[in-house]
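Thank you all for making time this morning. I would like to walk through one structure with you, taking the charged pairs, then a patch on the surface, and then the pockets.

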Amino acid sequence: TLMEDAARAYIVEQDGVSAGEVLLRSIKTVKKGMEERKTEITRPLMSSLASVRDLFKPFEAALSESEKVVKAKILAYTLAEEEKQAIEAAKIEERVGKGLMRADTAAGKLEALDGKKVKSNVRTVEKLFISDESLIPREFLDVNRTKVTEALWAGVVVPGASLVKEKIIVIK
């Protein structure tokens, strides 16, 4: 097989180079045939997938937007109610502090307030916020190799990067 021939191949003289080139052409021909067959099989599948995605895209977008609107309204209501309850609790604590209400009465009122809390699935989460990208350590940054290469090809000087010439074997 081609893989066995490639594993046995070693080049020590011009005849070996010629035999290696023949082997490389055979490998390239097989790879091309495989790629064509793979494309022949996958092209209709990819087309069908694109069609299905296009069919459902408007519905998914509408549902996502509806979900955002409902979540925003629930969150706004919940936050407003929490604020009202915090103000009411502060008033009760103030009255106790001024001696206008007994502590046991205040405890009962605070407990009653606690029972009126809005029952919703509001959670506090921590999210990344970058205030100044220039302060982020380099270890957390990724280099866009494609953009750097394109810039170098266009003649732009990119500090820390350059194009290097490398010899490779090309068989046609």
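Before I count anything, let me say that a salt bridge here is a side-chain nitrogen of Lys or Arg within 4 Å of a carboxyl oxygen of Asp or Glu. What you have in front of you is a predicted model, and by that criterion the structure holds six salt bridges. As a general point, side chains of opposite charge can pair when their charged atoms come close.

Let me take three of these pairs in turn. In the one between E67 and K71, the side chains meet with a distance of 3.6 Å from N to O, and the two residues, four apart in helix 2, are separated by about one helical turn. As for their surroundings, E67 is partly exposed, at 45% relative accessibility, whereas K71 is exposed, at 54%.

Further along, E81 and K84 also meet through their side chains in a salt bridge, at 3.2 Å from N to O. These two are three residues apart in helix 2, again a separation of about one helical turn. Is E81 buried or exposed? With a relative accessible area of 18%, E81 is buried, because the cut-off for that word is under 20%, while its partner K84 is exposed, at 52%.

The third pair is R102 with D104, where the closest N and O atoms are 2.6 Å apart. R102 is exposed, with a relative accessible area of 57%, and D104 counts as partly exposed, at 49%.

Now to the surface patch. V52, L55, F56 and F59 form a nonpolar patch, and together they have about 410 Å² of accessible area. Of these residues, let me single out F59, which lies in helix 2, spanning residues 14-97, and which is exposed, with a relative accessible area of 54%.

Finally, the pockets. Which residues line the largest pocket? They are K71, A72, I74, L75, S120, N121, V122, R123 and V125, so K71, which we met as the salt-bridge partner of E67, is part of this lining by the rule that lining residues have an atom within 4 Å of a pocket point. The space in this pocket is about 270 Å³, and its lining has five nonpolar, two polar and two charged residues.

The second largest pocket holds about 210 Å³ of space. Its lining includes V143, R145, L152 and P159, and by class there are six nonpolar, three polar and one charged residues.

How values were computed:
Residues numbered from 1 in each chain as written. Predicted model: local features only at pLDDT ≥ 70, side-chain atom pairs only at ≥ 80, totals over all residues. Heavy atoms only, no water. 1 Å grid on protein atoms, 1.4 Å probe; cavity = no way out; pocket = protein on both sides within 12 Å on 5 of 7 lines; lining within 4 Å. Points joined across faces, edges and corners; volume = space filled by probe spheres on them. Nonpolar A, V, L, I, M, F, W, Y, C, P; charged D, E, K, R; others polar. Patch = residues over 30% accessible without salt bridge, like charges linked within 9 Å, V, L, I, M, F, W, Y side chains within 5 Å. Areas by Shrake-Rupley, 256 points an atom, 1.4 Å probe, with all protein chains shown as cover. Buried < 20%, exposed > 50% of the residue type's maximum accessible area, 1.4 Å probe, protein only.
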